[in-house]
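Q: Please take me through a few features of this structure and how to read them.

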Amino acid sequence: MNARPSWRSVVWFGLRFSAAFSALALLWPVVEGPFTELYRNLGSALLPAASAAHLTLSVQPPAAAHAPGYSLLLSAHAQHALEALSMPIDLRSLAYLPTAALIALALATPLWQRGRAALCLLCALIVLQVFIAASIAAPLVLFFANPEPLPLLTLSPWAELILNVAYRSLVAPPGMTYAIPAAIWLGALYLWPRAPVQVIFDPR
């Protein structure tokens, strides 16, 4: 049986994670431009034009006073509507910080000398980005399914209930910024060959 990790190894892991996450979080002003542009391009490619509405993602101007601190604006315009509806999206909280948390967990884990660590991190990042895309899409789908102010979608009661429960349990709680990346990274360590979960607290 594997020995339980010592408190020193747990503290050392926490310090490594805190240092890596703090450094990545402080890099947001530097990477905000390319990170936002990447998500804008992905959103524009993934949002198809429906017959009743045209949805586009546009970059939030830095000097815009109506949505300070937000990176993107989702503009929705229905054929029967006189004006477009714009919704701000905070990419830092919804996408960048969870991504930084996952990378910090990977950097804090003494896995790199054991091989295949980069590929393990890449797979975890792909899973996380799929979750982030779903977490951004879910509240938007629920919003556009409401009768007011701009109904663009029709959801069945079961679909609306499932989306509501998933959003309120997996996205809305503040701690999910760290809990979801941690769960994905632990799952990657558990499923990946030659990467036992116990290595996360290995002091070597």
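Q: Which residues form a nonpolar patch on the surface?
A: A patch is made of residues with over 30% relative accessible area and no salt bridge (a side-chain nitrogen of Lys or Arg within 4 Å of a carboxyl oxygen of Asp or Glu); nonpolar side chains (Val, Leu, Ile, Met, Phe, Trp, Tyr) are joined within 5 Å. Areas come from the Shrake-Rupley method with a 1.4 Å probe, and only the protein chains shown count as cover. Here Trp7, Val11, Trp12 and Leu15 form the patch, with about 470 Å² of accessible area together.
A: The model is predicted: local features need pLDDT of at least 70, side-chain atom pairs count only at pLDDT 80 or more, and totals for chains, interfaces and linings use all residues. Residues are numbered from 1 along each chain as its sequence is written, and side-chain values use heavy atoms, leaving out hydrogens and water.

Q: Why does Val11 count as partly exposed?
A: Buried means under 20% relative accessible area, exposed over 50%, and partly exposed in between. Val11 counts as partly exposed because its relative accessibility is 41%. Val11 lies in helix 1 (residues 7-26); helices are DSSP runs (H or I, at least four residues), numbered from the N terminus.

Q: Where is Ser135, and what does its side chain reach?
A: Ser135 sits in helix 4 and, at 5% relative accessibility, counts as buried. A polar contact is a pair of N or O atoms within 3.5 Å, one able to donate a hydrogen and the other to accept it within protein; residues adjacent in sequence count only if both atoms are side-chain atoms. The Ser135 side chain reaches the backbone oxygen of Ile132 at 2.7 Å.

Terms used: Patch = residues over 30% accessible without salt bridge, like charges linked within 9 Å, V, L, I, M, F, W, Y side chains within 5 Å. Helix = DSSP H or I, 4+ residues; strand = E, 2+ residues; numbered from the N terminus. Buried < 20%, exposed > 50% of the residue type's maximum accessible area, 1.4 Å probe, protein only.
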